[in-house]
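The following paragraphs lead the reader through one structure, from its strands to its ligand site.

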Amino acid sequence: MAKRMTARGFLERKERGEKIAMLTAYDYPTARLLDAAGIDAILIGDSLGNVVQGQGTTLPVTLEDIVYHTKMVERAVQQALVVADMPFLTFQVSAEQALRNAGRLLQEGGAQAVKLEGGVDVALTVQRLVRTGIPVMGHIGLTPQSVHALGFRVQGRTAQAAARLMEDAFALEQAGAFAVVLELVPAEVSAEISRRLHVPTIGIGSGAGCDGQVLVLHDMIGLNEGGMLKHTHRYAEVGQAIRDAAEAYASDVRASLFPSSDHATSLGPSEPDVLAAMRRVEKRHQGQASDDDVEINPYGGSR
Ligand code: KIV
């Protein structure tokens with residue numbers, strides 16, 4: 001069996017120049033498949049608000065939601081690093097609050113690391129978690145929890161915005177983050193940040209210069225409603241496959257083509273006794289049972 005990935009293993013990958021492949025998962029069966037496929041890290045992202053709960057943003061996702069989904073993922077995973085996202089307002093209020101909540105994700109959820117959004121502003125919180133022994137992955141660029149302030153658009157396009165991103169990345173590294181997600185950052189800017197940091201950068205919509213990549217599983221397997229995002233590549237059409245399967249099933253049921261005799265169990269030699277016993281029950285229900293009819297008690301014995 002391959003060695004389990006760790007936060008330290010992320011750094012070793014960067015030192016060796018080996019790319020890191022990360023995906024999101026929210027339940028046992030998909031996490032089991034991703035782990036078996038050799039994915040390095042599985043993120044229980046607050047994107048579950050969008051792709052699992054059907055919400056418009058990630059803001060309604062709660063710590064309880066992430067704990068619940070992390071438990072399922074963790075049970076399935078043997079090799080990947082399990083990273084749990086910290087939802088909106090579970091780490092911004094104070095470092096104490098962040099520590100308690102990150103602790104729950106490790107203690108109750110079984111995660112091995114947490115991810116949180118923000119740069120300079122959350123550096124002291126990151127430091128507090130790291131010093132308590134909780135590996136932290138940073139997340140800068142487009143940070144969906146700030147959608148009402150930033151919108152859903154590429155970040156770091158101007159000199160000032162790119163310099164701020166560089167500050168954020170350095171602040172996270174100095175605070176002890178073991179990796180930094182760069183979401184929707186221009187390729188040149190993310191490549192420059194990746195060259196300057198010692199810890200790996202994990203890009204999403206940020207070009208090939210990052211040390212690793214992450215995608216939201218539902219986007220890359222076609223299980224999402226709506227159009228495809230520019231930064232996503234469809235590796236499968238699972239949504240279409242599920243729909244085709246459901247349509248074929250409904251059509252077979254309506255045409256009495258499913259189930260066939262292959263899908264059912266037959267009685268065999270006991271058939272006459274069984275059917276006779278059933279007929280006696282039917283007669284009794286119709287008030288036609290004679291005194292010498294002995295009825296089999298369905299719960300054992302005769303009466
Ligand atoms: O919530 C999430 O899935 C994420 C990834 C897009 C990085 O934060």
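**From strand pairing to ligand shell**

Strand 1, which spans residues 20-24, is paired with strand 2, residues 41-44, in the parallel sense, and 3 bridges connect the two. Within this pairing, Met-22 has Ala-41 of strand 2 opposite to it. The coordinates are those of a predicted model.

The pairing of these strands belongs to a wider arrangement: a closed barrel of 8 strands with parallel pairing, in the order 1-2-3-4-5-6-7-8. On average, and with direction ignored, neighbouring strands of this sheet are turned by 25° against each other.

A helix packs against part of this sheet. Helix 4 lies across strand 2 and strand 3 (81-85), and its direction makes an angle of about 170° with strand 3.

The loop between helix 3 (48-51) and helix 4 (63-76) holds Gln-53. Is Gln-53 buried or exposed? Gln-53 falls in between and counts as partly exposed, because it has 14 C-beta neighbours inside 10 Å, whereas a buried residue would need 20 or more and an exposed one 12 or fewer. Thr-125 is 72 residues from Gln-53 along the chain, and 29 Å separates the C-alpha atoms of the two.

The ligand remains to be placed. Which residues are around the ligand? They are Thr-24, Leu-43, Gly-45, Asp-46, Ser-47, Asp-85, His-139, Val-181, Ile-204, Val-214 and Val-216. By character, this shell divides into 5 nonpolar, 4 polar and 2 charged residues. Thr-24 is one of the residues around the ligand and lies in the range of strand 1, residues 20-24; Leu-43 is also listed around the ligand and falls within strand 2, residues 41-44.

How values were computed: Residues are numbered from 1 along each chain as its sequence is written. This is a predicted model: local features need pLDDT of at least 70, side-chain atom pairs count only at pLDDT 80 or more; totals for chains, interfaces and linings use all residues. A residue is near a molecule or strand if its C-beta atom, placed from the backbone, lies within 6 Å of it. Ala, Val, Leu, Ile, Met, Phe, Trp, Tyr, Cys and Pro count as nonpolar, Asp, Glu, Lys and Arg as charged, and the others, Gly among them, as polar. Helices (H or I, at least four residues) and strands (E, at least two) are DSSP runs, numbered from the N terminus. Two strands pair if DSSP finds at least two bridges between them. Axes are lines fitted to C-alpha atoms, for helices over the stretch in contact, and angles run from 0 to 180 degrees between N-to-C directions. Two residues are in contact if their C-beta atoms, placed from the backbone, lie within 7 Å.
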